[in-house]
Amino acid sequence: MRNRTKSREYALQMLYQADIRRAGAQQILEGFWREPEPGEEVKTFANELFGGTMAHLADIDAVIAGHADNWNVKRMAVIDRNILRLGVFELLHQEGVPPKVCINEAIELAKRFGDAESSKFINGIL
């Protein structure tokens, strides 16, 4: 698995934890890296994605809500919501990552962690 793909996976796991536990970014970061031992590049990019997504969460949720017809962000499946958040953060705030790559990576995360319809849902909104 490529480093950036692995970083996105870790960032998604942290976002999921923050959402489920209703915890702040710092609290999640303090506990998350106790087990996985990725390379420094993977960890740095994962932290950047997670921290940036958390910092822009309200704006990101507003963007998602604006594109998710008949869907309330809070009522979306937790994993789908957080994949969307990560994807929107990358699309809006990560320079140097082509939009096609952001969308494709989000779809792949949905295929891996979501249900049978998640990848279609994520693709449609992004």
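# Salt bridges, core and surface of a helical model

E108 is a partly exposed residue, with a relative accessible area of 37%, and its salt-bridge partner K111 is exposed, with a relative accessible area of 53%. The structure shown here is a predicted model, with a mean pLDDT of 92 for the protein and 98% of its residues at 70 or more. The points below take up confidence, charged pairs, the nonpolar core, the surface and the loops in turn.

**Confidence along the chain**

- Among the elements of the protein, helix 5, which covers residues 78-93, has the highest mean pLDDT, at 96, whereas helix 2, covering residues 25-32, has the lowest, at 86.

**Salt bridges**

- The count of salt bridges in the model comes to 10, and three of these pairs are described here, with the residues of each placed in their helices and on the scale from buried to exposed.
- In one pair, R8 forms a salt bridge with E105, and the closest N and O atoms are 3.8 Å apart. R8 belongs to helix 1 (residues 3-21) and E105 to helix 6, so this pair ties together parts of the chain that are 97 residues apart in sequence.
- Both partners of this pair are covered by the protein: R8 is buried, with a relative accessible area of 2%, and E105 is buried as well, with a relative accessible area of 6%.
- The side chains of R85 and D61 also meet in a salt bridge, with an N to O distance of 2.8 Å. This pair links distant parts of the chain, since R85 sits in helix 5 and D61 in helix 4 (residues 57-67), 24 residues away.
- R85 has a relative accessible area of 3% and is therefore classed as buried, the limit being under 20%, while D61, at 13% relative accessibility, also counts as buried.
- The salt bridge between E108 and K111, in which the closest N and O atoms are 3.5 Å apart, stays within one element: both residues lie in helix 6, 3 residues apart, which is about one turn of the helix.
- Salt bridges that share partners also join R2, R8, E90 and E105 into one network, and this network includes the R8 and E105 pair described above.

**The nonpolar core**

- In soluble globular proteins, nonpolar side chains tend to be buried together.
- The largest nonpolar core of this model has 33 residues, and those with the most contacts inside the core are F50, M76 and I83.
- At least two residues of this core come from each of helix 1, helix 2, helix 3 (40-55), helix 4, helix 5, helix 6 and helix 7 (118-125).
- Leaving aside residues up to four places away in sequence, M76 touches I64, A68, W71, R81, L84, F121 and I125.

**Surface positions and distances**

- V63, L91 and L92 make up a nonpolar patch on the surface, and together they have about 220 Å² of accessible area.
- Of these, L91 is found in helix 5 and is partly exposed, with a relative accessible area of 31%.
- G66, in helix 4, is exposed, with a relative accessible area of 56%. The C-alpha atoms of G66 and I125 are separated by 9.5 Å, although the two residues are 59 residues apart along the chain.
- P98 is in the loop between helix 5 and helix 6 (99-113), where the residue counts as partly exposed at 41% relative accessibility. From C-alpha to C-alpha, P98 and W33 are 28 Å apart in space, and they are 65 residues apart in sequence.

**Loop residues with positive phi**

- Most residues other than glycine have a negative phi, and the two residues that follow are given here with positive values.
- R22, in the loop between helix 1 and helix 2, has a phi near 55 degrees, a positive value in a residue other than glycine; at 74% relative accessibility, R22 counts as exposed.
- N70, placed in the loop between helix 4 and helix 5, has a phi near 65 degrees, again a positive value in a residue other than glycine; at 83% relative accessibility, N70 counts as exposed.

Notes:
Residues numbered from 1 in each chain as written. Predicted model: local features only at pLDDT ≥ 70, side-chain atom pairs only at ≥ 80, totals over all residues. Heavy atoms only, no water. pLDDT = per-residue confidence, 0-100. Helix = DSSP H or I, 4+ residues; strand = E, 2+ residues; numbered from the N terminus. Patch = residues over 30% accessible without salt bridge, like charges linked within 9 Å, V, L, I, M, F, W, Y side chains within 5 Å. Areas by Shrake-Rupley, 256 points an atom, 1.4 Å probe, with all protein chains shown as cover. Salt bridge = Lys/Arg side-chain N within 4 Å of Asp/Glu carboxyl O. Buried < 20%, exposed > 50% of the residue type's maximum accessible area, 1.4 Å probe, protein only. Core = buried A, V, L, I, M, F, W, Y, C linked by side-chain atoms within 4.5 Å. Contact = heavy atoms within 4.5 Å.
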